[in-house]
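Q: I should like a close look at a single part of the structure shown below. Please treat it in one connected account, with the cut-offs behind each term.

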Amino acid sequence: MDYSPGLRGVIAGETEISTVGMEGTSLRYRGYDAIELTKSHTYEDVASLIIDDSLDGKLFKETFSKHYEELLRDEALLNLINNLKINLHPMDVLRTAISYIGQADESNKLDAASKITAISCIAIASYDNEPTSELNNDFVVASSLLPNTASKEQLEALDDMLILYAEHGFNASTFAARVTASTRSDLTSAIVSGVGTLKGELHGGANEAAVELINSFDTPENAEKGVHKLFEEKKKIMGFGHGVYKIQDPRSPVVKSWVEMLSKTNESINRYEIAKKVDEIMDSEKNLFPNVDFYGGLLLSELGFAVDLFTPLFVTGRSVGWSAHYFEQRKQDTLIRPAAKYTGIQER
Ligand SMILES: CC(C)(COP(=O)(O)OP(=O)(O)OC[C@H]1O[C@@H](n2cnc3c(N)ncnc32)[C@H](O)[C@@H]1OP(=O)(O)O)[C@@H](O)C(=O)NCCC(=O)NCCS
């Protein structure tokens, strides 16, 4: 058998959920262009599409709100989150908070998936402000994550970000979730596998590293010098390049235009200028394009989130993709068990 390091290019399963990078740059959820969906639909509609093949998000909204309100009254959960927060990274808090619900009732896919989304929202919202009990009916999930004073533009921007995070084929965390599902394990366990895998900086954690890089420069001129220094040190610039897209990440322009629209203070305009300078150098000197995480981190920061909450927000968005893959893999009922190329001593 041929061996491909990192399984690059290997078809490791069948899916009806999405296509990534077909026609060079497109991302489609069950045949719908994801970028078009950001203009015409909400995250709840897209969540329902990804999990249940229906673009009507009414049921997802209802079940999300029900779980959100119930979990918000769950003192044991809130105490658990508050205790974990003292010493752990928010991703570790989130991973454990999700475990708290144990085995979800999987008889209704949207109900089970929306419960996972709700618990991630509560864990994130418990950081900056008290989780709100007033959800906006148009942007239910996004409003659970932002303060009540958030503008319509801010809600829409976060809603788009969640849509773009929602699903992305057989990426590392989704594959991890599918491997767990393939053993006939349960939904919560599959999601926890996904969270642990998303945490690494080559995957979800790239948005945190990208913003930290941008924040480390005070002017576009210094950014230029700093990026050249990183080139000399042969370091990777987080938020650039992609394992599947080779020309452009179609999600990046949507996110970039939100950053441009929301950057109003001098400080945020300067950070946007710095980011554009890094982008320009990566393009002209390395022929590498920004992925969703480069401007994504900046957008989340513009929306008021602390850097260590970026990957948890990615979890919220991606929880519906992981859930859809979990249900698909359970239906296929094939144990994932690849072979390894042995490189050790033959006999001793
Ligand atoms: C995402 C990623 C792992 C894709 O990897 P890949 O398709 O296997 O690409 P490779 O790692 O083989 O890179 C190909 C070349 O481009 C370079 N390259 C890729 N991404 C780079 C980056 N972000 N900064 C600098 N150089 C990069 C590699 O060093 C390699 O150069 P080489 O041929 O001289 O060794 C890689 O681009 C990366 O590490 N990016 C930064 C992390 C990130 O943003 N992750 C989020 C993904 S959504």
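What follows concerns the place where two domains touch. How many residues of domain 1 are in contact with domain 2, and which elements supply at least two residues of that side?

A: This is a predicted model, in which local features need pLDDT of at least 70, side-chain atom pairs count only at pLDDT 80 or more, and totals for chains, interfaces and linings use all residues. Residues are numbered from 1 along each chain as its sequence is written.

The domain assignment, which comes from an automatic or database source, divides the protein chain into domain 1 (17-201 + 308-332) and domain 2 (206-302). Their C-alpha centres lie 25 Å apart. Contact, meaning that C-beta atoms placed from the backbone lie within 7 Å, joins 19 residues of domain 1 to 21 residues of domain 2. On the domain 1 side, β1 (18-22), β2 (26-29), α1 (34-40), α8 (152-165) and α16 (310-332) each supply at least two residues; these labels denote DSSP runs numbered from the N terminus, helices being H or I of at least four residues and strands E of at least two. Helix α8 gives the largest share of that side, five residues. By class, the side divides into nine nonpolar, six polar and four charged residues, where Ala, Val, Leu, Ile, Met, Phe, Trp, Tyr, Cys and Pro count as nonpolar, Asp, Glu, Lys and Arg as charged, and the others, Gly among them, as polar.

Two of these contributors, β1 and β2, belong to an open, antiparallel sheet of three strands in the order β1-β2-β3. Strands β1 and β3 (32-33) stand at the edges with a single partner strand each, so one side of each has no neighbour in the sheet. Pairing requires that DSSP find at least two bridges between the strands: β1 and β2 are joined by four, and β2 and β3 by two. Within the first pair, valine 20 has leucine 27 as its bridge partner; in the second, arginine 28 stands opposite aspartate 33. The hairpin of β1 and β2 has three residues between the strands, and glutamate 23 takes a positive phi near 55 degrees there.

Helix α13 (residues 251-262) can be placed against several of the same elements. Its 12 residues reach 17 Å from first to last C-alpha, close to the 16 Å expected at 1.5 Å a residue, the expected span being 1.5 Å times one less than the number of residues. Arg251, Ser252, Val254, Val255, Lys256, Trp258 and Val259 of α13 are buried; that term means 20 or more other C-beta atoms within 10 Å of a residue's own, whereas exposed means 12 or fewer and partly exposed lies in between, with C-beta atoms placed from the backbone. The buried residues of α13 pack against β2, α1 and α8, as well as α14 (266-286) and α15 (292-302).

Helix α16, another contributor to the domain 1 side, holds arginine 318. This arginine is buried, because 27 other C-beta atoms lie within 10 Å. Not counting residues up to four places away in sequence, arginine 318 touches Tyr165, Ala166, Ser173, Gly194 and Leu198. Glutamate 260 is 58 residues from arginine 318 along the chain, and their C-alpha atoms are separated by 24 Å.
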